[in-house]
Amino acid sequence: MLKNFLLVGLGGAIGSMLRYAVTCLFASTVYPAFIGTLCVNSIGSFLFGLFASLISKDFTLLLCTVGLCGGFTTYSTFSAQSLNLLQCGKYSTAFLYIISTLFVCLLFTWIGIWVGKRFSI
């Protein structure tokens, strides 16, 4: 049990650092911050699907899905950014962001599973 907690913690630390790197990358562009969050959540959704379809060992699955993907994706940031857009009166941008996050992340999870099944050994 302790080993599982440590694996999730390790994966979460790596995922969080990767998310911060993407955030820094987008901070140096002209794109709004929520575009970086959408990218992180999309990539994380793809990776979750890919890992879930490729990995059969419980400890590696915990490290990669709950840990890495859990630390990498940013639902709380997504929620705060969505609320901020709504509070600023940017209703169409908020709606587009919320809907695109939902559908893009579902699509990317499905693509990750599809890719994983095609390349599983």
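Let us begin with helix H3, which covers residues 58-72. In this predicted model, H3 has 15 residues and spans 20 Å from its first C-alpha to its last, close to the 21 Å expected at 1.5 Å a residue. Its buried residues are Cys64, Thr65, Gly67, Leu68, Cys69, Gly71 and Phe72. The cover over these buried residues of H3 includes helix H1, residues 2-27, and H2.

Let me now place H3 within the chain. The chain holds 5 helices and 0 strands, and the pattern along the sequence reads α-α-α-α-α. Taken along the principal axes, the C-alpha atoms fill a box of roughly 45 × 30 × 25 Å. Of the 121 residues in the chain, 32% are buried. The accessible surface comes to about 7,700 Å², and carbon and sulfur atoms hold 75% of that surface. As for contacts with a separation of 6 or more, 73% of them join residues 24 or more positions apart.

A word on confidence. The average pLDDT of the chain is 92, and 99% of the residues score at least 70. Among the elements, H4 has the lowest mean pLDDT, at 89, whereas H5 has the highest, at 95. These two helices, H4 and H5, will occupy much of what follows.

Before H4 itself, please look at the loop between H3 and H4, where Thr74 lies. Is Thr74 buried or exposed? Thr74 counts as buried because its relative accessibility is 5%, and the cut-off for buried is under 20%. Setting aside neighbours within four places in sequence, Thr74 is in contact with Arg19, Thr37, Val40 and Asn41.

We move on to helix H4, where Phe78 is placed. Phe78 is likewise buried, with a relative accessibility of 8%. Which residues does Phe78 touch, not counting those up to four places away in sequence? They are Thr37, Asn41, Tyr97, Ile98 and Thr101. Thr37 and Asn41 therefore appear in the contacts of Thr74 and again in those of Phe78, with both Thr74 and Phe78 counted as buried. Phe78 and Thr37 are 41 residues apart along the chain, and their C-alpha atoms are separated by 6.6 Å.

Ser82 is also found in helix H4. Ser82 is buried, at a relative accessible area of 5%. Beyond its neighbours within four places in sequence, Ser82 makes contact with Ala94, Tyr97 and Ile98. Tyr97 and Ile98 are thus touched by Phe78 and by Ser82.

That brings us to helix H5. H5 has 29 residues and reaches 41 Å from its first C-alpha to its last, close to the 42 Å expected at 1.5 Å a residue. Which residues of H5 are buried? They are Ala94, Tyr97, Ser100, Thr101, Cys105, Gly112, Val115 and Gly116. Helix H2, residues 33-54, and H4 are included in what covers them. The contacts of Ser82 with Ala94 and Tyr97 are examples on the H4 side, since Ser82 is found in that helix.

Further along H5 is Val115. With neighbours within four places in sequence left out, Val115 is in contact with Phe46 and Leu50. For a second reference point, take Val115 and Cys39: they are 76 residues apart along the chain, and 19 Å separates their C-alpha atoms.

Finally, I turn to the surface. A nonpolar patch of about 890 Å² is formed by Leu83, Leu86, Tyr91, Phe95, Ile98, Ile99, Leu102, Phe103 and Leu106. Helix H4, residues 75-87, and helix H5, residues 91-119, are the elements that contribute two or more residues to this patch. Which element gives the largest share of the patch? H5 does, with 7 residues.

Leu106 is one of the patch residues, and its place is in helix H5. Leu106 counts as exposed because its relative accessible area is 53%, and exposed means over 50%. Ile98 also deserves a second look: Ile98 belongs to the patch, and it is among the residues touched by the buried Phe78.

To draw this together, H5 supplies buried residues whose cover includes H2 and H4, and H5 also provides the largest share of the nonpolar patch. H3, with which we began, has buried residues whose cover includes H1 and H2. Helix H2 is thus named in the cover of H3 and in that of H5.

Terms used
Residues are numbered from 1 along each chain as its sequence is written. This is a predicted model: local features need pLDDT of at least 70, side-chain atom pairs count only at pLDDT 80 or more; totals for chains, interfaces and linings use all residues. Side-chain values use heavy atoms; hydrogens and water are left out. Patches are made of residues with over 30% relative accessible area and no salt bridge: like charges are joined within 9 Å, nonpolar side chains (Val, Leu, Ile, Met, Phe, Trp, Tyr) within 5 Å. Accessible areas come from the Shrake-Rupley method with a 1.4 Å probe; for residues, only the protein chains shown count as cover. A salt bridge is a side-chain nitrogen of Lys or Arg within 4 Å of a carboxyl oxygen of Asp or Glu. Helices (H or I, at least four residues) and strands (E, at least two) are DSSP runs, numbered from the N terminus. Buried means under 20% relative accessible area, exposed over 50%, partly exposed in between (1.4 Å probe, protein chains only). The expected span of a helix is 1.5 Å times one less than its number of residues. Contact means heavy atoms within 4.5 Å. pLDDT is the predictor's confidence in each residue, from 0 to 100.
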